Amino acid sequence: MLGPRQEFQAALFYEFNLEDHVPEGHLLRSIDRFVDLGDMRKHLAPFYSDIGRPSVDPELMIRMLLIGYIMGIRSERRLCDEVHVNLAYRWFCRLDLGDPVPDQSTFSKNRHGRFRESDLFRRMFESVVARCIKEGVVGGDIFATDASIIRADANKQNSTPKDEWNPDNLDPNTVPRAVKEYLEVLDDAAFGAASEVKPKFTSHSDPASQWTGAMKGPAFFAYATNYLIDTDNAIIVDVEASRAIRQAEIGATRTMIRRTRDKFDLYPEILTADTAYGSADNLNWLVNEEGILPHIPVFDRSKRMDGAFPATAFKFNHKENEYTCPGGKPLKKYWRKMAKPRSGVSKDGFMRYYARKSDCSTCALKTQCTPNQPTRKIARHIYEGARDLAREIATTDAYVDSMRRRKKVEMLFAHLKRIMKLDRLRLRGPNGAKDEFLLAATAQNLRKLAKLIPQTA
Ligand code: SF4
């Protein structure tokens, strides 16, 4: 049964008003101006029974959770202790001095139950983004995206190597919650369907987490938190949990771009990101499907390390469908007529153009062009147009500005790990990661709002 709203009930037998003991400039006082949980009770009401004992006020629990993320208190037990003794925390939670603080087990029940079923944390995150837009701190023109790896609550001792792991052996009716969630996301683009490559190890306690060695040290199990930010004031406009692999992170960015457009009518003109997002397929999606300018370095494996002419020294002729080399000779896909027409596109989406052996063998530029091979070849992606556009953008001053703006998303991740201490998840499963990332991003946006919009006396 949904319990009554927590309200200040000042005791009659002493003269103590919490309001007077929270300094004007306290971070929580600044943030409180932007926390509007007015419609949360209405939203949660259908998830409570009409009979039974009144529950702890959900708004109180949400305010306590927010304190945990804003102040970097990662343990729920410690959070309850801190709220008990800290006057500013009590004030933020609308608890008077004598009011009891909920037990930590209450959080667990609500987090995995009503809060998750009602998608409460996403709703709360989006309401804070809407407030940022309303306050005029979101420009909406230049977005940046990136992902950061966060350790999962899983370890290698409790895992299985890839040859021995088979999800078909798991019974969804008997496995723990995190394993059940893993089975549910096997076809999800941000998780199971992101790659066909099996991870080297799979955790028993949190199988959706990714075994990764991406942090240049011993490998571990992790999730990725993906941010899409507006670069004017580094406001996080969307956040998404995914597997800690590049394909999943790119998929998460696409989800976030579509969602911010549908939810907030935000159509960025520019997206800036690092090389991980510079694949031909992704650049094409941005340019030709979304109409967004990619201020992203092109992911290019064709770069020559031997000092030979780069691919950009070869000019493409669309009409003839051939390249012209620095020596003025053509490079074609096929030099003889094919009985059956072929597309010439390989599995990886590239077409190869070859110079004629007789041209190269007599060419004065051969040592600068193809020192170790009899002929020069150039690979062209089916989405080369989008790659060319990205290369062209990379020569502009606007690109230099975008690269500077991109750093803001990295700074948010540094803040997330160092100040908010979210370097290891406490909750398991994709939903646990999702909840933690949403709450952390909400807290970061609230801190930013408090900083950008000073209190007036
Ligand atoms: S080596 Fe071949 S491809 Fe290179 S410049 Fe000479 S003719 Fe052209």
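Arg 74 is in contact with Lys 421 and Arg 426, once its neighbours within four places in sequence are left aside. Keep in mind as you look at it that this is a predicted model. You can find Arg 74 in the loop between α3 (58–70) and α4 (76–85). Is Arg 74 buried or exposed, or something in between? It has 13 to 19 as the range to fall into for the middle class, since 20 or more neighbours would make a residue buried and 12 or fewer would make it exposed. Arg 74 has 16 C-beta neighbours inside 10 Å, so it counts as partly exposed. Pro 330 lies elsewhere: its C-alpha atom is 63 Å from that of Arg 74, and the two residues are 256 apart along the chain.

**The whole chain**

Let us step back to the full picture. The protein chain has 457 residues, and 37% of them count as buried. Its secondary structure comes to 15 helices and 13 strands. Taken along the principal axes, the C-alpha atoms fill a box of roughly 105 × 55 × 40 Å. The chain is divided into domain 1 (18–118), domain 2 (139–297 + 394–442) and domain 3 (311–380). Notice that domain 2 is written as two stretches, 139–297 and 394–442. How many Å separate the centres of domain 1 and domain 3? Over C-alpha atoms, the separation is 66 Å.

Contacts also link distant parts of the sequence. Among contacts between residues at least 6 apart in sequence, 70% join residues at least 24 apart.

**Two helices side by side**

Two packed helices are described by the angle between their axes and the distance between the axes. Here, the axes of α7 and helix α15 (residues 429–452) come within 9 Å and cross at roughly 25 degrees. Angles under 35 degrees count as roughly parallel, so α7 is roughly parallel to α15. The crossing of α7 past α15 is left-handed.

Which residues make this contact? On the α7 side they are Phe 121, Arg 122, Met 124, Phe 125, Val 128, Val 129, Arg 131 and Cys 132. On the α15 side they are Asp 435, Leu 438, Leu 439, Ala 441, Thr 442, Asn 445, Leu 446 and Leu 449. Sorted by kind, the residues of this contact are 11 nonpolar, 2 polar and 3 charged.

**Two aspartates with positive phi**

Most residues other than glycine have a negative phi. Asp 119 goes the other way, with a positive phi of about 55 degrees, and Asp 265 has a positive phi of about 60 degrees. Both sit in loops, as the table shows.

| Residue | Phi | Loop between | C-beta neighbours inside 10 Å |
|---|---|---|---|
| Asp 119 | about 55 degrees | α6 (104–117) and α7 (120–134) | 13 |
| Asp 265 | about 60 degrees | α9 (246–264) and β7 (270–272) | 9 |

With its 13 neighbours, Asp 119 counts as partly exposed. Asp 265 has 9 and therefore counts as exposed.

**A serine in another loop**

Ser 302 belongs to the loop between β8 (293–295) and β9 (315–317). Not counting residues up to four places away in sequence, Ser 302 touches Ala 311 and Ala 379. Because it has 13 C-beta neighbours inside 10 Å, Ser 302 counts as partly exposed. How many Å lie between Ser 302 and Arg 29, C-alpha to C-alpha? They are 55 Å apart in space and 273 residues apart in sequence.

Technical notes
Residues numbered from 1 in each chain as written. Predicted model: local features only at pLDDT ≥ 70, side-chain atom pairs only at ≥ 80, totals over all residues. Domains from an automatic or database assignment. Helix = DSSP H or I, 4+ residues; strand = E, 2+ residues; numbered from the N terminus. Axes fitted to C-alpha atoms, helices over the stretch in contact; angles between N-to-C directions. Parallel < 35°, antiparallel > 145°, perpendicular 65-115°, else oblique. Left-handed = near helix turned anticlockwise from the far one by under 90°. Contact = placed C-beta atoms within 7 Å. Nonpolar A, V, L, I, M, F, W, Y, C, P; charged D, E, K, R; others polar.
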